[in-house]
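Please open the structure in the viewer and keep the sequence panel visible. The tour below proceeds by selection, with a short account of what is found at each stop.

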Amino acid sequence: MSETAPDVEPWRRRLREVMTSHSQLVRELLLEGGGIERKAGPPSPLTFMRNHVAKSLPVLYTGAVDHWPALRRWDHSYLRRQAGKLQVHVALTPDGFADAVVTNRKGERVFAKPCETSMAFENFLDAIAQPRVDETGRRRRPVLYVSHQNSSLVAEFEPLWPDVGLELPWATEAFGAAPQAANFWMGEDAAVTTTHADLFDNLYVVIRGEKHFLLFPPQDAHALGYLPFPSATYHRTADGLGIPGIQGLQAVRGVHEVQETRGIQGAQEAKGVEGGRETT
């Protein structure tokens with residue numbers, strides 16, 4: 001006599017209810033004011049560590065880098081004079097979504113990484129000054145984003161060092177160590193970073209423009225639709241898109257890649273910036 005398999009759906013439903021209740025409770029306890037704190041900076045190392053780092057709570061400081069010359073100097077003309085001839089890493093995507101779940105031309109849902117190339121920084125500045133679409137709405141060029149990791153400010157943008165700090169002294173004292181990386185990121189409003197989790201504490205400084213973050217607390221991870229997808233990378237195709245040396249892009253699955261990359265469908269975290277620095 002065969003046994004009937006137990007109905008696990010009521011337990012799954014109850015588990016979701018408990019986790020949702022827990023998420024709401026944590027939000028109420030940690031975000032009593034209903035949102036992220038906005039404070040005049042810079043903070044003292046003790047205050048920063050005690051109120052935010054130790055509790056893993058985000059915070060927005062205003063005026064923390066008012067002494068940086070970059071706030072007064074940085075525009076396209078200045079950056080072109082100071083760093084225009086530098087060869088820098090640039091990420092290219094058709095629509096601005098890097099490290100995102102997309103449907104490729106074969107109809108496959110894949111986790112697509114951007115096409116990465118190296119170009120003179122002045123060519124990047126020229127490119128983002130061009131319209132992305134023509135008068136008919138046809139795409140003329142990909143979305144470009146200077147967003148290389150591995151301490152790109154230190155490795156690629158030495159002429160800009162006098163304009164910024166390679167570290168924030170109050171943060172260095174709070175963490176007990178200098179930042180492991182200082183990155184220079186510059187993009188346009190179409191550049192979007194899809195939902196992800198960073199492994200380190202991050203400090204992000206906006207020099208020009210805006211940066212929009214959508215933050216999820218760790219206890220909400222169960223609701224984000226975390227699924228496995230085949231890895232892919234955008235590669236150049238033959239159809240030109242209006243920039244010399246930059247052709248169209250197509251998400252192509254790696255021939256030698258056998259692993260799957262996990263991603264989140266339909267979620268996005270941050271919209272583009274013009275000039276930014278992150279320390280990790």
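The stops below lead from a sheet to a helix, then to aromatic rings and nonpolar cores. The model is a predicted one.

**The sheet**

Begin by selecting β7, β3 and β8, three strands that form an open, antiparallel sheet in the order β7-β3-β8. Which strands stand at the edges? They are β7 (115-120) and β8 (143-145); each has a single partner strand, so one side of each is left without a neighbour in the sheet. From one strand to the next, the twist averages 40°.

Next, restrict the view to β3 (residues 87-93) and β8, which run antiparallel and are joined by three bridges. Display Leu-92 and Leu-144: the latter, in β8, is the bridge partner of the former.

**The helix on the sheet**

Now add helix α5 (residues 121-128), which packs on the sheet and touches β3, β7 and β8. The direction of α5 makes about 110° with that of β7.

Is α5 mostly covered or mostly uncovered? It is mostly covered, with six of its eight residues buried. To see them, select Phe-121, Glu-122, Phe-124, Leu-125, Ala-127 and Ile-128.

**The aromatic rings**

Across the whole structure, a search finds eleven aromatic pairs. Select Phe-121 and Phe-184 to examine one pair: the ring centres are 6.1 Å apart and the planes stand at 80°, so the pair is edge-to-face; the cut-off for that class is over 60 degrees. This pair links distant parts of the chain, since Phe-121 lies in helix α5 and Phe-184 in strand β9 (residues 182-185), 63 residues apart. Both Phe-121 and Phe-184 are buried.

Extend the selection to Trp-74, Phe-124 and Phe-157. Together with Phe-121 and Phe-184, these residues are linked into a cluster by ring pairs.

**The nonpolar cores**

Keep the rings displayed and add Met-186. Which residues touch the most other members of the largest nonpolar core? Of its 43 residues, these are Trp-74, Phe-121, Phe-124, Phe-184 and Met-186. The largest share of this core, five residues, comes from α5.

For the last stop, select Val-143, Tyr-145, Ala-191 and Tyr-204, which are among the six residues of a second, separate core. Val-143 and Tyr-145 also bring the view back to the edge strand β8 (143-145).

Notes
Residues are numbered from 1 along each chain as its sequence is written. This is a predicted model: local features need pLDDT of at least 70, side-chain atom pairs count only at pLDDT 80 or more; totals for chains, interfaces and linings use all residues. Side-chain values use heavy atoms; hydrogens and water are left out. Two strands pair if DSSP finds at least two bridges between them. Helices (H or I, at least four residues) and strands (E, at least two) are DSSP runs, numbered from the N terminus. Axes are lines fitted to C-alpha atoms, for helices over the stretch in contact, and angles run from 0 to 180 degrees between N-to-C directions. Contact means heavy atoms within 4.5 Å. Rings of Phe, Tyr and Trp (its six-membered ring) pair if their centres lie within 6.5 Å; planes under 30 degrees apart count as stacked, over 60 as edge-to-face and the rest as tilted. Buried means under 20% relative accessible area, exposed over 50%, partly exposed in between (1.4 Å probe, protein chains only). A nonpolar core is a set of buried Ala, Val, Leu, Ile, Met, Phe, Trp, Tyr and Cys residues joined through side-chain atoms within 4.5 Å.
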